[in-house]
Structure formats: C-alpha cells, structure tokens
Amino acid sequence: MQPYDRALPLGDPGESVRIGALVPLTRPGWVQAGQHLLAGLESAVRDVNEGGGISGTPLELVVRDTAADPRRAEAAVEELARLGVTALAGEYHSVVARAAATRADALGLPFLCSSAVLDALTDRPTDWVARLSPPQSRGWQVYADFLLGAGRDRIAVAAEPSVYWASGVRILREYVTRRGGSVIELDARALTPAALCDELVGRGATALLLLAGLPDPAVSIVRSVRRDRRLTELMIGAPAGQPEFAEWATLLGAEGSAIPFLRYLPGRLGPLGARVEAALREQLTEAPSFVAFEGYDTMCLLAEVLRSHGTDRSRIAAAWPHVTADGTRGQIRFSRVPGIDVWQWAGAPIQVVDRDPAEPGRLRVLHTG
C-alpha cells in the first residue's frame, strides 16, 4: 500500500509524535466527507503544534486512504502499527471503521474514531477504541422522533445491501412500530426509480428515507420522486447525511432541498468553534461540514491525552475515561454507554436539518435531540 500523497514524510520516530489518520479520499469512498475529515484533523494538528506540540514535540499525521474498503483499512492499520504510530484517528464509513477498530483492538493500538456511528464498532468490549460521533441507535431514534412528530408514520426505506443500512432499518423498525408506525423496506438496487415511485404510491408511504449511496442511486431516486405528481406530499429524508455536502446541492439544485438529515453540531458554536469554522472555511473554500468539526475535535482530545498521559499505547487506552477536552462542539468526555462496546462521547450534539428551499445553500435546524 502506498502512502497517501499528502502525508508528511516519515522522519525519525523521536522527532515527532505520529498519529495514523484513516480517511476515504478516493472512490468508492465518500470523497468529500474524507476531505472534510482530513481538513479538520490537519487544522487541529497545526493548532497543537503552534501551541508547542506535545511537551515540545510536534504532532505529525501519517495519512492513509481507505477508499471505503474494509480490507484496505485493515492493511493500513497493520502498516501504521509497524511504522510505530502512537494512535489512530479518523474514518467516516461505519463498515470500514468497524474493520479498523477490530484490527486495532487485536494489535493493541489506540483508535479514536471520528465519524462512524455503527453501534457494533467492535465484537467485544474494548479499552483500545473510543468514539466521538453518537451511536447510530441514538441518532436514528432522534430522527424517528422527528418523523413521527411530523405525522410521517408510514416510512418507506430505499435501501442498498450494507451492514450499516441494515442496522439503520432495524433501529427504525423497532422504534417506529412500538409507537404505532410502520417501516416498508424497498430494494434500491432491484427497483428502478420509476418502479420505486409506483411502490410508494401503492403502499401509501408518507416518507421515503434514502439508505443508499451518493450520487447514485440516491440522486436518481430524488429526481424521480420530485417529478412524480402522485408524490407531491411525500417527505424525502436522508438520515445518513448525504445532503450535508456541496456535491448534493450541485447535483440536485432545488430538488435536493427540504430533505431532512442528521448533523452532529450544537445550536450555536462557542468561541473555539467559531474560530475553527473560519479557518476550515478558508482551508476548504466552502462551508465546513460537521465531519470537519469531528476531525478537529478528534485531535483536540488526542492531544490532551498525550499531554497528560504520554505516548505509550497502553497508557493512552487507559486514559480514555479520565480525560476531558474542550472541543468545537462542547466538552468531550468518554464513558461506557449501555449496548456500546467502545468508550463513547455520550454528549455529542444531534440535529435534524435540511436545505432551505428558498436558499439551498442555507441549512435549517428542524429538530434537536
């Protein structure tokens, strides 16, 4: 595996504290999410180093592109462990993060996962892995509350085969049916967009959730539903956050607005968040997504762990529940959450937002959890 070409050259391990960064930077990975995640990681590293590094030693990122491939991620974890990185950070795709977390646990390499939400990030309880993003069960239940509160209780899902999508369908079905609603599962690969519209009409769906990849089939489905006069009252939703990124607005324009999705930001950013937002906007030449803030907060927390507990891998793993850090989205503290086998930030903020039909470049907060 070749290093990603933006990774800093590897010097003597004693010259820097090296952190392995896992990010999807090529297709079929969600490239824009990977770029935002990496921008957040890099921005925080610059700030840490400008503030004196880790007891005078600079931080260095060693970046590897996972390309949304679990096996590639496993190989990257093994390579980074051999290179002597102190810890791992990053990853956006849940299935990829699960593969990385499982391998990191087996190797005894601390991994702070930035963005992946799959509840079962590992197969067993572990002290080696911690996570910033809220677990899928919490976020998607908040999303279900929003749908039910809006009177959308016949929820269709257009799903592709994936452990992540299957987990989301299970969470929705269990939560919604207990509250008198129903979930209708439709195969996003087997059905053409036109046939899917027919199914939605025939089954009386009041909402359609896109549990499918970007750009296709998600973009094709949105276009077909928006242009079908039988479905003008149907709400389209995308809990996984596809509309967060500029690519969505570029591809769909006004048709991509009013599609609620999950975002992990507070109602208002504090002074640190506002400063970081400005820096990230300049670096990315566009508005930073919540994923960029997750990347920044990852390195904030890791830097605090390294300053207070040193660079020994076992000491880092033991430090997760004992360290707090002021991140861009609030104070970060890890704990054990029932049903989650990794150290978890239980207080991560959750919003349901959409793009304003009157101004698709502007996001509206519809619900908080």
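The following dialogue examines how several descriptions of this predicted model are justified.

Colleague: What makes Ala218, Val219, Ile221, Val222 and Val225 of helix H7 "buried"?

Modeller: The term requires under 20% relative accessible area. These five names, in the helix spanning residues 218-226, are classed as buried.

Colleague: How do you know that the buried residues of H7 line one face of the helix?

Modeller: Viewed down the axis of H7, they fall within an arc of 160°, so they occupy one face. An α-helix has 3.6 residues a turn, so residues three or four places apart point the same way. The cover over the buried residues of H7 includes strand S6 (154-159), helix H6 (193-202) and helix H8 (246-252).

Colleague: Why are strand S2 (59-65) and strand S11 (324-327) called edge strands?

Modeller: Each of them pairs on one side only. The open sheet has eight strands in the order S2-S1-S3-S4-S5-S13-S12-S11, and its pairing is mixed.

Colleague: What makes strand S4 and strand S5 a pair?

Modeller: Pairing calls for at least two bridges. Strand S4 (residues 111-113) and strand S5 (residues 129-131) have three, in the parallel sense, and therefore the criterion is met. The bridge partner of Phe111 in S5 is Val129.

Colleague: Which residues have the most contacts inside the largest nonpolar core?

Modeller: They are Leu200, Leu208, Met299, Trp320 and Phe334, in a core of 105 residues. Helix H10 (residues 290-309) gives the most to this core, with 12 residues.

Colleague: Which residues does a second, separate core include?

Modeller: That core has 22 residues, among them Ala81, Phe111, Val129 and Val342.

Definitions and conventions. Residues numbered from 1 in each chain as written. Predicted model: local features only at pLDDT ≥ 70, side-chain atom pairs only at ≥ 80, totals over all residues. Heavy atoms only, no water. Buried < 20%, exposed > 50% of the residue type's maximum accessible area, 1.4 Å probe, protein only. Helix = DSSP H or I, 4+ residues; strand = E, 2+ residues; numbered from the N terminus. Arc of directions from axis to C-beta. Contact = heavy atoms within 4.5 Å. Core = buried A, V, L, I, M, F, W, Y, C linked by side-chain atoms within 4.5 Å.
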